[in-house]
Amino acid sequence: MTNPEWKSVGNGHLEGPIPVPDLDPSKLTVTLSKSLKPIPYPESLVFGSTMTDHMLVASFDPVTGWSAPEIKPYGPFTLDPASSCFQYATNTFEGMKAYIGPDGAPRLFRPEKNMARLARSAERLALPPFNPNALLELIKKLVAIDQRWIPNIEGYSLYIRPTIIGTRSALGVSASDHALLYVILSPTGPYFRTGPKPISLLAAAENVRSWPGGTGSHKVAGNYSPGFLPQRMAAKQGYDQILWLLRDEPEWKVTEAGAMNIFVVIGREDGDIDLITPPLDGTILPGVTRESVLAIAEAHSAGKLTLPGVSSTQRLYPQERAFTIADMDQWLADDILQEMFAVGTAVVLTPIGRVGFQDDVKKPARDLVLPLHEGGMGPVSRGMWRMIVDIQKGRFEWEGWCVHCEE
């Protein structure tokens with residue numbers, strides 16, 4: 001049997017050689033755990049190490065389509081050793097978070113963005129398509145069932161990991177026409193245990209995270225494991241994370257930090273601020289938090305909101321443009337590089353205190369030291385962090401960015 005080729009025909013529905021059932025929330029079955037786990041102390045949580053009581057599961061078959069989704073007790077899967085997820089990394093996932101709002105109800109932060117990105121990533125790996133709206137409805141039900149796991153403490157949340165893996169049980173080098181979709185939940189605290197203390201980055205030229213024409217703009221598993229060894233090497237030299245670079249003769253362009261997007265705050269002669277992040281050129285992951293920072297900066301400058309701690313008369317000019325390590329060096333020499341920070345779902349926002357540049361592995365890194373700020377964060381990064389967290393927690397309603405979960 002040849003692998004069918006599917007395409008979306010609107011609203012996430014599938015069309016192929018023979019129409020097959022799409023993901024359908026109306027067919028959901030729920031089997032609740034008979035023995036609920038104890039909730040751990042929030043301070044003991046390590047990111048991604050503790051799972052909740054339940055998970056969501058659905059499978060795809062090229063003949064019968066998506067199975068009836070099921071919410072059931074968390075537990076292991078049984079997969080064929082020849083499954084393409086093991087052999088060819090046909091795996092994609094998302095990272096989202098749920099929070100408890102002032103009304104005591106769980107809410108998600110801009111979840112439609114994650115669903116759209118997951119659909120794009122699945123398409124990039126030639127995995128079966130799905131209805132993003134249907135998956136979001138199912139995730140909301142799962143979160144509502146396990147909402148007792150959401151820590152209602154500042155800096156804590158419930159991390160959500162929707163995942164799609166190829167399960168075609170054959171070693172032939174081809175797309176997987178079978179798939180397993182599942183969603184697991186994990187209560188979590190601050191990603192970095194340093195608290196507000198700025199992190200350090202090693203900008204190493206020996207390895208790259210992504211390249212033009214690759215999968216850097218998609219959230220696929222194969223993007224991550226090649227970074228584990230460089231991260232270990234950076235840690236041995238006393239740095240918290242890797243700053244990924246890309247050679248653009250004769251300079252090194254800044255791309256991402258670990259699995260986070262990067263921003264720099266540059267002072268202007270008129271007293272306003274340029275807020276710069278690398279452009280989405282195919283090598284950068286289009287982060288939801290990244291997009292939110294840009295939108296909030298535009299809203300501040302337009303007078304639609306005011307960043308806490310930033311004057312309403314000080315304009316922020318968000319820009320998506322490339323910059324290099326040499327640019328950063330010059331900005332520091334000119335005393336206009338005021339802040340640097342990284343953003344992402346897991347971390348929300350973290351300040352950066354120093355960047356070590358190492359273009360020769362035989363020589364020690366040379367540190368670019370960022371300005372120090374009281375409390376660790378500069379005014380822009382602190383204001384942006386506070387605004388995003390207030391929106392996520394429902395203390396500030398903005399643009400319908402938060403979606404409530406209901407059973």
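**Exercise 1. Helix 7**

Task: Describe helix 7 by its residue range, its length and its span from end to end.

Solution. Helix 7 covers residues 379-392, which makes 14 residues, and it reaches 20 Å from its first C-alpha to its last, close to the 20 Å expected at 1.5 Å a residue. The helices here are DSSP runs of H or I with at least four residues, strands are runs of E with at least two, and both are numbered from the N terminus. The expected span is 1.5 Å times one less than the number of residues in the helix. The model is a predicted one, in which local features need pLDDT of at least 70 and side-chain atom pairs count only at pLDDT 80 or more, while totals for chains, interfaces and linings use all residues. Residues are numbered from 1 along each chain as its sequence is written, and side-chain values use heavy atoms, with hydrogens and water left out.

The next step is to ask how the helix is covered. Ten of the 14 residues of helix 7 are buried, and the helix is therefore mostly covered, where buried means under 20% relative accessible area, exposed means over 50% and partly exposed lies in between, with a 1.4 Å probe and protein chains only. Among the buried residues of helix 7 are V380, M384, M387, I388 and D390. Beyond the helix comes G394, whose phi is positive, near 80°.

**Exercise 2. A salt bridge beyond the helix**

Task: Find the salt-bridge partner of D390 and decide whether each residue of the pair is buried or partly exposed.

Solution. The side chains of D390 and R395 meet in a salt bridge, at 2.9 Å from N to O; the term requires a side-chain nitrogen of Lys or Arg within 4 Å of a carboxyl oxygen of Asp or Glu. D390 has a relative accessible area of 16% and is therefore buried, whereas R395, at 42%, is partly exposed. Salt bridges that share partners join E154, R386, D390 and R395 into one network.

**Exercise 3. Helix 5 and its link to a strand**

Task: Work out how many residues of helix 5 are buried, and which residue forms a salt bridge with R290.

Solution. Helix 5 has 14 residues and reaches 20 Å from its first C-alpha to its last, close to the 20 Å expected at 1.5 Å a residue. Eleven of its 14 residues are buried, including V288, R290, V293, L294 and I296, and the helix is followed by G303, whose phi is positive, near 80°.

E320 forms a salt bridge with R290, the closest N and O atoms being 2.6 Å apart. This pair links distant parts of the chain, with E320 in strand 17 (residues 316-320) and R290 in helix 5 (residues 288-301), 30 residues apart. R290 counts as buried because its relative accessible area is 2%, while E320 counts as partly exposed because its value is 44%.

**Exercise 4. R117 and its surroundings**

Task: Locate R117, and state which residue it meets in a salt bridge.

Solution. A search of the whole structure finds 18 salt bridges, and in one of them the side chains of R117 and E94 meet at 2.7 Å, N to O. R117 lies in helix 2 (residues 111-124) and E94 in the loop between strand 7 and strand 8 (96-100), so that the pair, 23 residues apart, links distant parts of the chain. Both R117 and E94 are buried, and for R117 the relative accessible area is 4%. R117 and V220 are 103 residues apart in sequence, and in space they are 10 Å apart, C-alpha to C-alpha.

**Exercise 5. Aromatic rings**

Task: Classify the ring pair of F60 and W66, and then the pair of F323 and W331.

Solution. A pair of aromatic rings is described by the distance of the centres and the angle of the planes. Rings of Phe, Tyr and Trp (its six-membered ring) pair if their centres lie within 6.5 Å, and planes under 30 degrees apart count as stacked, over 60 as edge-to-face and the rest as tilted. The whole structure holds nine aromatic pairs. F60 and W66 form an edge-to-face pair, 5.2 Å centre to centre and with 65° between the planes. The rings of F323 and W331 have their centres 5.7 Å apart and their planes at 45°, so this pair is tilted. F323 and W331 are both buried. Ring pairs also link F47, Y159 and Y191 into a cluster.
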